Amino acid sequence: MGTDCLFCRIVTGEIPATIVRETATTLAFRDIDPKAPTHVLVISKEHYADVATLAQGDPGLAGELLGTAAVVAEEEGLTVDGFRLMFNTGPYGGQEVFHVHAHLLGGAPLGPMLCR
């Protein structure tokens, strides 16, 4: 784990987070600057820079991350009306923390995918 990585520090407990689900390999916690009524970040505990690196390096862990996101969506009551699961990858994709994470968003209509 990277000692300067914000999400690695959350995994180790060095930085507090409001955890909604934890497995042996994944962690889901509330975003501190939510963009929807429900905004949960789902990460792998092992450090991968982005979803492409994770998918190539450990496809099984990528599946576990998606599985955790699906369980959290169900637990948060998002499956009836729907939700958005979004990975930002790289600077052009809007990635700000370079540790793979999915944004699970829902609880209200989310509007278009991109604003121009």
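Let's start with Phe-83. This residue is found in strand 4, which covers residues 83–87. Keep in mind that we are looking at a predicted model. How exposed is Phe-83? Its relative accessible area is 37%, so Phe-83 counts as partly exposed, because the partly exposed class lies between 20% and 50%. Phe-83 also has company on the surface. Together with Leu-66 and Leu-85, Phe-83 makes a nonpolar patch of about 240 Å².

Now follow Phe-83 across to its neighbour strand. The bridge partner of Phe-83 is Gly-106, in strand 5. Strand 5 spans residues 101–106 and pairs with strand 4 over five bridges, in the antiparallel sense.

Let's step back to the whole sheet. Five strands, antiparallel pairing, an open sheet. Which order do the strands take? They run 1-2-3-5-4. The edges are held by strand 1, residues 19–22, and by strand 4. Each of these two has a single partner strand, so one side of each is left without a neighbour in the sheet. On average, neighbouring strands are turned by 20° against each other, ignoring direction. As a general reminder, strands of a sheet pair through backbone hydrogen bonds, parallel or antiparallel.

Let's walk across from the strand 1 edge. Strand 1 and strand 2 form a hairpin, with three residues between them. The two run antiparallel and are joined by three bridges. One pairing to look at is Glu-22, whose bridge partner in strand 2 is Leu-27. Leu-27 then takes us onward. In strand 3, the bridge partner of Leu-27 is Ile-43. Strand 3 covers residues 38–44, and strands 2 and 3 pair over five bridges, again antiparallel.

Next, strand 3 to strand 5. Six bridges join these two, which run antiparallel. Thr-38 of strand 3 has Gly-106 in strand 5 as its bridge partner. We met Gly-106 before, as the partner of Phe-83.

On to burial. How many residues of strand 3 are buried? Seven of seven. Both faces are covered. On one side sit Thr-38, Val-40, Val-42 and Ser-44. On the other sit His-39, Leu-41 and Ile-43. Strand 2 is a similar story to tell. Four of its five residues are buried, so strand 2 is largely enclosed by the rest of the structure.

Stay with strand 2 for the last item. The structure holds one aromatic pair. What is the geometry of Phe-7 and Phe-29? Their ring centres are 5.6 Å apart and their planes stand at 75°, so the pair is edge-to-face. The cut-off behind that call is a plane angle over 60 degrees. The pair links distant parts of the chain. Phe-7 belongs to helix 1, residues 6–12, and Phe-29 to strand 2, residues 26–30. The two residues are 22 apart in the chain.

Are these two rings' residues buried or exposed? Phe-7 is buried, at a relative accessible area of 5%. Phe-29 is buried too, at 3%. Both values fall under the 20% limit for burial. Set that against Phe-83, partly exposed at 37%.

To close: Phe-83 lies in edge strand 4 and helps make the nonpolar patch. Phe-7 and Phe-29 form the edge-to-face pair, and link helix 1 to strand 2.

Conventions
Residues are numbered from 1 along each chain as its sequence is written. This is a predicted model: local features need pLDDT of at least 70, side-chain atom pairs count only at pLDDT 80 or more; totals for chains, interfaces and linings use all residues. Side-chain values use heavy atoms; hydrogens and water are left out. Patches are made of residues with over 30% relative accessible area and no salt bridge: like charges are joined within 9 Å, nonpolar side chains (Val, Leu, Ile, Met, Phe, Trp, Tyr) within 5 Å. Accessible areas come from the Shrake-Rupley method with a 1.4 Å probe; for residues, only the protein chains shown count as cover. A salt bridge is a side-chain nitrogen of Lys or Arg within 4 Å of a carboxyl oxygen of Asp or Glu. Buried means under 20% relative accessible area, exposed over 50%, partly exposed in between (1.4 Å probe, protein chains only). Rings of Phe, Tyr and Trp (its six-membered ring) pair if their centres lie within 6.5 Å; planes under 30 degrees apart count as stacked, over 60 as edge-to-face and the rest as tilted. Two strands pair if DSSP finds at least two bridges between them. Axes are lines fitted to C-alpha atoms, for helices over the stretch in contact, and angles run from 0 to 180 degrees between N-to-C directions.
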